[in-house]
Every structure is written in C-alpha cells, then in structure tokens.
Amino acid sequence: MKTESKDRSADHTFIHRPYNKTELAQLYMPNYIRKVALRKFNHWLRHSPQLWESLQAQGFNITSRDLTYEQVQTIIDHLGVP
C-alpha cells in the first residue's frame, strides 16, 4: 500500500516507500548538499528521544543506510511529511 501526500512547500507528491536515509534527508532539506542534509537529519533523529526510541525498537541504528517502510512511517509521524 502506498500513501501519497501533497507537499506544502513544493508542487510534488511524496510517495511513502522504503528510502535510503540520505534520499529521505534530502527530501526534508532540499536546499542542502547531501552530506549536510544527512548530518542534520541524523541530528534530528538522535535528539528526538521518542523518535529515536521508536526507530531503535524497529532495528534502526545511526549507521543504518536504508529505512524500512515502517521506519519511514515513524519518521513521518514525528517530523511530518517532507
């Protein structure tokens, strides 16, 4: 099942699917280069205790490169749709 949500700041549709962490980070921060977007995204994840605990319970750790469908949903639940 795919969930599509209309993005508020750009005129594109977000497709809910598994993502590479860098790819999702760039969706949240499109004006940053990949390296900076990923660093900031990791900071967001680590410094939100409830989000971090939820992701860890799903097998995520800071060195994970890929995000499952469920992990993406958890991030969206906490940060909103990119």
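This passage describes aromatic pairs, charged side chains and the buried face of a helix in a predicted model.

A pair of aromatic rings is described by the distance between the centres and the angle between the planes. Five aromatic pairs are present in the structure. In one of them, the ring centres of tyrosine 28 and tryptophan 44 lie 6.0 Å apart with the planes at 85°; because this angle is over 60 degrees, the pair is edge-to-face. The two residues belong to distant parts of the chain, 16 residues apart: tyrosine 28 is in helix H1 (residues 21–28), and tryptophan 44 is in helix H2 (residues 34–46). Tyrosine 28 has a relative accessibility of 15% and therefore counts as buried, the cut-off being under 20%. Tryptophan 44, at 34%, counts as partly exposed. Ring pairs also bring Phe41 into the picture, linking Tyr28, Phe41 and Trp44 into a cluster.

Another pair is formed by tryptophan 52 and phenylalanine 60. The centres of these two rings are 5.8 Å apart and the planes stand at 90°, so the arrangement is edge-to-face. Tryptophan 52 is buried, with a relative accessible area of 17%. Phenylalanine 60 is buried as well, with a value of 3%.

Side chains of opposite charge can pair when their charged atoms come close. A search of the whole structure returns one salt bridge. It joins the side chains of arginine 17 and glutamate 23, with an N to O distance of 2.6 Å. Arginine 17 has a relative accessibility of 30% and so counts as partly exposed. Glutamate 23 is likewise partly exposed, with a relative accessible area of 31%. Arginine 17 has a further partner in tyrosine 19: the arginine lies over the face of the tyrosine ring, at 4.0 Å from the ring centre. Arginine 17 thus takes part in the salt bridge with glutamate 23 and also sits over the ring of tyrosine 19.

Helix H4 spans residues 69–79, and its buried residues are Gln71, Val72, Thr74, Ile75 and Ile76. The elements that cover these buried residues include both strands and helices. Among the strands are E2 (13–15), E3 (19–20) and E4 (66–67). Among the helices are H1, H2 and H3 (49–57). Of these, H1 contains tyrosine 28 and H2 contains tryptophan 44, the two members of the edge-to-face pair described above. After H4 comes glycine 80, which has a positive phi, near 90°.

Methods
Residues are numbered from 1 along each chain as its sequence is written. This is a predicted model: local features need pLDDT of at least 70, side-chain atom pairs count only at pLDDT 80 or more; totals for chains, interfaces and linings use all residues. Side-chain values use heavy atoms; hydrogens and water are left out. Rings of Phe, Tyr and Trp (its six-membered ring) pair if their centres lie within 6.5 Å; planes under 30 degrees apart count as stacked, over 60 as edge-to-face and the rest as tilted. Helices (H or I, at least four residues) and strands (E, at least two) are DSSP runs, numbered from the N terminus. Buried means under 20% relative accessible area, exposed over 50%, partly exposed in between (1.4 Å probe, protein chains only). A charge sits over a ring if NZ of Lys or CZ of Arg is within 6 Å of the ring centre and within 35 degrees of the ring normal. A salt bridge is a side-chain nitrogen of Lys or Arg within 4 Å of a carboxyl oxygen of Asp or Glu. Contact means heavy atoms within 4.5 Å.
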